[in-house]
Amino acid sequence: MQIEKRFVVRAGPEAVWRFLTDPVKVAGCLPGAAITGQTDDRTWTGTITVKVGPVATSYRGQVRFERLDPASRTAEIAASGQDVRGKGGADLRMTSTLTGHGAAETEVQVVQDISVTGLLAQMGRGMIQDVGDQLFERFTGAMRAQLEAAVPAAAAGGAATAPAPPGRSSEPIQALSFGAGVAGRALGRTARRPAFWIVVLLVLIVLWWLLH
Amino acid sequence: MSMHKITVTVNGAPRSAEVESRLLLVHFIRETLGMTGTHIGCDTSHCGACTVLLDGEPVKSCTMLAVQADGRQVMTVEGLEKDAKLDPIQEGFMQEHGLQCGFCTPGMMLTSYALLKRNQQPSEDEIRHAISGNLCRCTGYVNIVKAVQYAAAKQQ
Amino acid sequence: MAPKTTAEVGGMGHSIKRKEDPRFIRGQGHYVDDVVLPNMLYLDIVRSPFAHAKIKEIRTEKALKVPGVLAVITGETLKQYNLHWMPTLMSDTQMVLPVEKVMYQAQEVAGVIATSRYAAADGVEAVEVDYEPLPVVVDPFKALEPGAPVLRTDKKDKKDNRIFHWEVGDRAATDKAFAEADVKVQQDIYIPRIHVASIETCGCVADFDRVRGKLTVYMTTQAPHAIRTVVALVAGHVGLSEEKIRIISPDIGGGFGGKVPVYPGYVIAIAASVVTGHPVKWIEDRMENLQADSFARDYHMKAEVAAKKDGTMTAMRIKTVADHGYTDAAANPSKFPAGMFSICTGSYGFKHAFAEVDGVYTNKPPGGIAYRCSFRVTEAVHAVERMADVLAQELKMDPAELRMKNFIPPGQFPYRSALGWEYDSGNYAGALKKAMEIIGYDALRKEQAEKRKKGELMGIGISSFTEIVGAGPSKHFDILGIKMFDSCEIRVHPTGKAIARFGTKSQGQGHETTYAQIVAEELGIPAAHVEVEEGDTDTAPYGLGTYASRSTPVAGAAGAMAARKIRDKAKKIAAHLLEVSEEDLVWEPGRFSVKGAPQKSKTIQEIAFAAYTNHPQGMEAGLEAVSYYDPPNLTFPFGSYICVVDIDRGTGMVKIRRFVAVDDCGNIINPMIVDGQIHGGLTMGMAPALLEEISYDENGNIQGGSFMDYLLPTAVETPQWETAKTVTPSPHHPLGAKGVGESATVGAPPAVANAVVDALSHLGVRHIDIPITPEKVWKILKEKGVAE
Amino acid sequence: MIPATFDYHAPGSLADAVTLLDKLGDDAKILAGGMSLLPMLKIRLAQVGHLVDIGRIPGLDYIKEEGGTLRIGAATKESALERSDLIRSKYPILLDTALVIADPVVRNRATAGGNLAHGDPANDHPATMLALGASVVVRGPKGERTIPVDQFFKGLFTTALAANEILTEIRIPTPPAKSGGAYVKLERKVGDFATAGAAAQVTLAANGTIEKVGIGLTNAGPTPIKAAEAEKFLAGKKPDDATLQEAGRLAAKATNPSVDRRGSVEYKRDMARVLTVRALKAAVRRAGGQ
């Protein structure tokens, strides 16, 4: 399934580029996620546990920068994860292209090709798109919040977005506690790591199905 | 994991056991008590093969914990026949060929039994709706409806 | 036909109450999950989430630490005994457990053996498997393209994904007929994957007795004897020889074809019992059942019919791609890789026909079994019955009139079809006429015309199907080389009561009753006094089992023939007792009497007693017989169904208003049971027409893998079926019977589909693939601008 | 299908239950009817440390009218709604709803409170409660609070409930004279979730125009949807066919469904339109209008 998205961040393309191409930094903002190792200069292994209400799912997998072209600011990332309890997995190929609109604004175009396998994908595949849309909105919001907060208020042109909480990589896993009203914030943080937020989608899909 | 001492009155007789929290009522009935008339067909509460009466109302025992039945009355298919006399619903299923493989039959009879307690003269439409939580793959329901009607008439 | 026996005897034609019911209505049926043996262990299965993947590693340490878990069996474990592969009934091969890669989602990957089913489930979750996903092939057309990944890399010489190419008929003559035809119609028709979904899932209890060296398997199988032979062939090299294998089919909670194949779970349970020395129970859950067990259908057909201007159908051509999944695990007779698909000329006198089928491997669960129908007959009937309507529409003819014009007339039977079958008997026009009368066809057409003026949508659909059942004559029919006879052994006890054992196995059809009635019919022993036994390979005579509506045509005939052998011996004993010659005796049900002196007679009970107490010198004592019946031909039940539907213009929802089914299954043994079979068959025909479907996404993820999304109809969606009969006996069957269990499943889908298309035909709609979901109809309504 | 292990608690009072939930935190889950939760546990995608069964707390199972309000205890079974004379005679929209939730046997366990508290947009009560302008009463460690239903659903499976709060009661304002309501659901078969569903509650003015209207939609987006624009449009208008059709179109505009085996986005959106019109027509009819 292909999903194409665009959004604008009020930060310079260089800052956005650095942010999006640093897996450790991104993972640092992901509750429950940890980079467990680096296989080579562009491949990392990691784990994430996602908790949605009573559903807790742990994945392990790897993220690899297939192509990093600083000149065109295009990054191609391949990520794959498998549920540690053998219930399925997900693969993601994502191409992000940054276009600077001046020094203080960057347009991000993201093209994702997602394939989901296992129990999660057996039921209600349509929810991927639906939940994905919602998540993406929150993701872009939260990403803007963090990057734009780093820019002095004057330079950001009076962006109204509130700053996001700092990343807490060492914190125990409580990424998505939907029932607890912290969903928005947590989702935003999770969503920064596209490779991982796909996993989040999966969990939501499962939840959707299970509650039926 | 916690264990619980429970007592469930099954077909009129109190039955006690020490059970795990997660033990499903259907497994309590089938395995702990060894009463195998209650069946398992789908695990997701769609088919109704596991239907038993809980305080007189049909429930799907695969989607209920044994601990939830503590202190309550359960009636299974084994409880339909009393004093060697078949219940009219049992007679109806036999007389009207309301069963083939027999697997859904216990649940189907219990749901129908509860219907007739509430509604002595159900219409065909009411019968069809009442049994719509119980799936039968053999009969096409025609003769199940007739079986319920037979029992209704017999009870008049 | 008036019954020949009294109601008390209960022979053919009596609607006696079922002998199996007293236990079922008391919850005293004995199904496989009810089997509990001392020290029994439980098997639960780890399954693949991937449709195609390399297995990199299976780690069992955590699972083995789960309290109650005793062992984890993997492909490597079975490989030590060379038990990791098994043959399918189509002589293909199938993994029991994989060593290298998995080929479909939900494939068995490992078995966990534990002391309880709860512990086994905990163990399954703790087994860790690393997969490396491989490219997935789900589309059979893409699988056939050059350059498609070859899936069966285990087969050394396999260079593509084609399993077989099969064709029948005269291609050249058919092409010529098409070239010369006034009218030609063509339609792509897809019959999707569906699943029998019997309410009881599959399972077994394997019990290997180390001291006696004997394996007993309680198993949900429709064909226990064939299974015993397969187990002996698969496991002979580890010391399980056939006399030491006993398969017992207990009560079965519905089969419909899904309990014919050998599933890996059975083999793993058997291996686990042999290894542990404990009985091992395996009961699959519903999701496993829908996701991994044999599917049915999945035929992509391109059908063409040629005709004259006046509507006379002259030729038919069908090209089919059959998606078999990972392996060909259908259960067809060996010579018929596409089953009886060549019945596709149906009830019509096509002069020429040609059919070809390509079987294809994909990354889906294996199968291709029936779904309450004889081998691939539903697919064939759907094609021809839909095409009859397509042609009628093309010619602006009434579909009933077109059928009447093309039916094989009664005088032409036995009739040899263009594709080589010899139809035994039929009166197709008689059945359609009766259905039209009952439903009031002409009035419905008038009503339809009125409604169309008001913009309301109703449709009338006809299906005049011909079945082909009762496989089969040993000259052509075998499974894994075993000829498709079936058997019966009858023993009459001294007091005149009897036990009859058969090679088949009921799954709800009521064999205990109807077989007893056959014996009652032939011997005059009341059906109540005839005990029927099936399903235990240690006691029953060898037979190929119950599927494809073969019980009455084959085993039922064996019952009649065995009874007749007994009657022949009884006659000799009667002659001895009455001191007359055999020629002077006349038979009426239950007694021999002397010609012209009816008061001089001996009942079958008196004769039975004499067989043990006063038999003629030189004659062996006892009164028993066995028959292995090899049918001279198949039987060809038929019928005409008419369905009336109303369509909701807002939602696209189809509502069946009426459905009349006129069936002809020859002579009837128990009318009550026959009606019950038809009701059930109609429901399993309506369901795939409107509700049921299993599909796969591009990654091979199953869609419809639980009862959440695999939609079995409830009493609310199921209409009030109206049934009627005509009787055209089979000329070659000893009882004139034909078999009936599957006619309705075969005949109903096109009746429903034709009705829906008929409701929309004035808008130019010619075909809709089943299942006809509300959305499919809504799309058409939108397109045509008639939606609410 | 066997659930993984957990501890089971059956508090005897609301206070005890709240204390327990507060103590156990996120590792606990409330068990009401269990018709959604137990299948989830059986498939083992849900794992909980503790189940807090509120089924043994007395006083949560009632249907009564008091001071212009219909009060439904959270543990009231759907089947009790079906059989209640009060519901049958005065709240046909609730009867419509109860009759199409899951199947009749499931309805003997499923609870009205649970149907809302799950925050599942595919559940049927949310739409009905939105149409009726209901509110829910919630008990937590700090006592009780009341939340209007139109502020209760926060997102997919997300409600305004905190982890240590229990939904205890549903409150529905008793509709005035000349009111009527209806719920219409399109389902593939009995027991299925809605392909789409629409609830409408209407009060007519003396001159036959629409004085008050509530419209809720089932399974039309990530949350239950209140068709506010359609409601606004209808206010003060005569409920003629053209007006209701327009309201249907406006309701469909408010939807954001996702594709699944029940149908495509386009189909579901159009069904929201069709069913809204049908629900409105039935509601107006029941309100005594044309």
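This passage walks through a pocket, a small sheet and three buried residues of chain C in a predicted model.

The second largest pocket comes out at a volume of about 400 Å³. Its lining takes in 25 residues, and those closest to the pocket centre are Arg23(C), Asp251(C), Lys505(C), Glu512(C) and Val532(C). Sorted by class, the lining holds eleven charged residues, alongside seven polar and seven nonpolar ones. As for where the wall comes from, strand 25 of chain C gives the largest share, with five residues. Helix 1 (21–24) and strand 25 (530–534) of chain C each put at least two residues into the lining.

Next comes the sheet. Three strands of chain C make up an open sheet in the order 6-2-8, and the pairing is antiparallel. Strand 6 (101–102) and strand 8 (128–133) sit at the edges with a single partner strand each, so each of them has one side with no neighbour in the sheet. On one flank, strand 2 (residues 53–59) of chain C runs antiparallel to strand 8 of chain C, and six bridges hold the pairing on record. Two residue pairs help to place the register here: Lys54(C) has Glu132(C) of strand 8 as its bridge partner, while Arg59(C) stands opposite Glu128(C) in strand 8. On the other flank, strand 2 and strand 6 of chain C are also antiparallel, this time over two bridges. There, Ala53(C) has Val102(C) in strand 6 as its bridge partner. As a general point, side chains in a regular strand alternate between the two faces of the sheet.

Turning to single residues, Lys259(C) sits in the loop that runs between strand 13 (245–248) and helix 8 (264–276) of chain C. Despite being a lysine, Lys259(C) is buried, because its relative accessible area is 1%, and the cut-off for buried is under 20%. The Lys259(C) side chain has polar company: a polar contact with the side chain of Glu200(C) at 2.8 Å, and another with the side chain of Ser198(C) at 3.5 Å. Leaving out residues up to four places away in sequence, Lys259(C) also touches a longer list of neighbours, including Thr201(C), Cys202(C), Thr220(C), Thr221(C) and Gln222(C). Ile252(C), Gly253(C) and Gly254(C) are among the residues touched by Lys259(C) as well.

Asn667(C) is another loop residue, placed between strand 31 (654–664) and helix 17 (671–690) of chain C. With a relative accessible area of 13%, Asn667(C) counts as buried. Its side chain finds a backbone partner, reaching the backbone oxygen of Leu735(C) at 2.9 Å.

Pro774(C), by contrast in setting, belongs to helix 19 (residues 774–783) of chain C. Pro774(C) is buried too, at a relative accessible area of 16%. Setting aside residues up to four places away in sequence, the contacts of Pro774(C) are Thr651(C), Gly652(C), Met653(C) and, over in chain D, Tyr267(D). Finally, Val756(C) lies 18 residues from Pro774(C) in sequence, and the two are 11 Å apart in space, C-alpha to C-alpha.

How values were computed. Residues numbered from 1 in each chain as written. Chains lettered and ligands numbered in written order. Predicted model: local features only at pLDDT ≥ 70, side-chain atom pairs only at ≥ 80, totals over all residues. Heavy atoms only, no water. 1 Å grid on protein atoms, 1.4 Å probe; cavity = no way out; pocket = protein on both sides within 12 Å on 5 of 7 lines; lining within 4 Å. Points joined across faces, edges and corners; volume = space filled by probe spheres on them. Helix = DSSP H or I, 4+ residues; strand = E, 2+ residues; numbered from the N terminus. Nonpolar A, V, L, I, M, F, W, Y, C, P; charged D, E, K, R; others polar. Buried < 20%, exposed > 50% of the residue type's maximum accessible area, 1.4 Å probe, protein only. Polar contact = N/O pair within 3.5 Å; in protein donor to acceptor, adjacent residues only side chain to side chain. Contact = heavy atoms within 4.5 Å. Pairing = 2+ DSSP bridges.
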